[in-house]
Amino acid sequence: MMSQAHQTTSQHLDEASQQLLKLLEQADPEVSRHMAAEAQRQSNTLELIASENHVSSAVMHSMGSWLTNKYAEGYPGKRYYGGCEFHDQIENLARDRAKALFGCAHANVQPHSGASANIAAFMAMCKPGDRILSLPIKSGGHLSHGLKPNFSGTFYDIVDYDLDPETELLDYDEIRRIAIETKPRMIICGYSAYPRTIDFAAFRSIADEVGAVLMADIAHIAGLVAAGVHSSPFPHAHIVTTTTHKTLRGPRGGMILTDDEEIAKLVDRKVFPGSQGGPLMHVIAAKAIAFGEALDPSFETYARNVVTNAQAMATALVEKGYRLCSGGTDNHLVLVDLQPRDAELTGADAERWLEMAGIITNKNGIPNDPRPPMVTSGLRLGTAAVTTRGLDAGAMVEVVELLDRVMGSQGDESECQSVCESVRSICERFPL
């Protein structure tokens, strides 16, 4: 007999998910209770974290399959264990679909995460101590692009380029000047909090001028690139890394792409055995399914709607008195400077208050942020997940209105509760 909490949750779930909860309640009621609560949370809240999305039922449940029982160290046709015939077919399918999706010659789908992909890419392209030019995390880069406590900042000589302090845009002339001055082995482009289009051709020109390898980390924009909504790093980047979730709407995982045959060999060696053991074949199956979904023409419509929704949200925020870093967005994310709305308002406060109201966001530093990383002056908002739910531009204006009500009340409990009821109404109109 399912508990009342499970019965309430199961009303919003597909049949496979309902069966899973029934099985789990019998096997481990405590874990089952937490999972049911999380399913209900996702159903009843609006996900505006730019790095998150909602996967299809096929993607989700393939990760709970019997493929998790198998070790498959190595690559298709060259495994260190027997019994890998069907795992080879699944991995080859994932690789072929990834190559078709991004128009490249080689794909390694084994990295467990975007950071794992970056580890292998660094190892393939650089020796410890080599100089790497990248955007720092404080300006929208990623921790695996050179943050001191990270492997990248520990084993490599990181030199920063930064955004133009006035426009908060990439300054390609300044990047070129720094590259000529510092002669890096590798240049990284691709970011975790940059709302504008990246000129990959300009970066390749700079890399060629100084004899550097160009690495593009497209983790955030991969789905937009695959759909042709954002320019592709190919044929410009020597090596491309990405996550498979975020805008690509697949399982949590990583991938490395390249057109260069020699780089492909290096990458494969640095993923396995260089930095990982057995691949997660259940996740690779989910990647294959997600890539297949992204190859469907409907995915282009989805990606275009993601950008349209982000721009609608950006316009509505400006009308409410918020400042947007760089002045707007070209992709799926909006980086909001909260200070003009309220000089005392912090990203940490905003994140906490909005969660009380059923709107899930994350605090984020803005360029030249005067506050520390766990406090911040900004919010990073994204539209990938709410677009998956079916929200349109009009609904995004409603969401901004609710967000602003929470900010204006400074997290007043009764106002947050009122907004939460409105959020639930939107979730019912646009169910998962």
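This is a short walk through one chain, from its overall form to one helix and one buried threonine.

A caution to begin with: the model is predicted.

Start with the whole chain. It holds 17 helices and 15 strands. The C-alpha trace spans about 60 × 60 × 40 Å along its principal axes. Is the radius of gyration what a compact globule would give? Put better: what radius would a compact globule of 432 residues have? Near 22 Å, and the chain has 22 Å, which agrees.

Now burial. Of the 432 residues, 55% are buried. The exposed area of the chain is about 18200 Å². Carbon and sulfur atoms supply 52% of that area. On contacts, take pairs at least 6 apart in sequence. Of those, 72% join residues at least 24 apart.

Next, helix 5. The helix runs over residues 85-102, which is 18 residues. What span should it have at 1.5 Å a residue? The expected value is 26 Å, and the end C-alpha atoms are 26 Å apart, so the two agree.

Which residues of helix 5 are buried? The list is H87, D88, E91, A94, R95, A98, L101 and F102. Their arc around the axis is only 165°, which means they sit on the same side of helix 5. E85, F86 and A100 are exposed, on the other side of the helix.

What covers the buried residues of helix 5? The cover includes three strands by number: strand 2 (74-75), strand 3 (78-79) and strand 4 (106-108). It also includes strand 10 (254-258). Two helices belong on the list as well, helix 10 (222-226) and helix 12 (281-295). Then look just past the end of helix 5. There G103 takes a positive phi of about 65°.

Last stop, T329. Where is it? T329 is in the loop between strand 11 (323-324) and strand 12 (333-337). Buried or exposed? T329 has a relative accessible area of 6%, and the cut-off for buried is under 20%, so T329 counts as buried.

The side chain of T329 has polar partners. It reaches the backbone oxygen of P195 at 3.3 Å. A polar atom of the T329 side chain also lies 3.1 Å from the backbone nitrogen of N331.

What else does T329 touch, leaving aside neighbours within four places in sequence? Its contacts are P195, R196, A310, Q311, A314 and V334. P195 therefore appears twice for T329, as a contact and through its backbone oxygen.

That is the tour.

Conventions:
Residues are numbered from 1 along each chain as its sequence is written. This is a predicted model: local features need pLDDT of at least 70, side-chain atom pairs count only at pLDDT 80 or more; totals for chains, interfaces and linings use all residues. Side-chain values use heavy atoms; hydrogens and water are left out. Helices (H or I, at least four residues) and strands (E, at least two) are DSSP runs, numbered from the N terminus. The expected span of a helix is 1.5 Å times one less than its number of residues. Buried means under 20% relative accessible area, exposed over 50%, partly exposed in between (1.4 Å probe, protein chains only). The arc is that of the directions from the helix axis to the C-beta atoms. Contact means heavy atoms within 4.5 Å. A polar contact is a pair of N or O atoms within 3.5 Å; within protein, one must be able to donate a hydrogen and the other to accept it, and residues adjacent in sequence count only if both atoms are side-chain atoms. The radius of gyration is taken over C-alpha atoms; the globule rule is 2.2 Å times the number of residues to the power 0.38. Accessible areas come from the Shrake-Rupley method with a 1.4 Å probe; for residues, only the protein chains shown count as cover.
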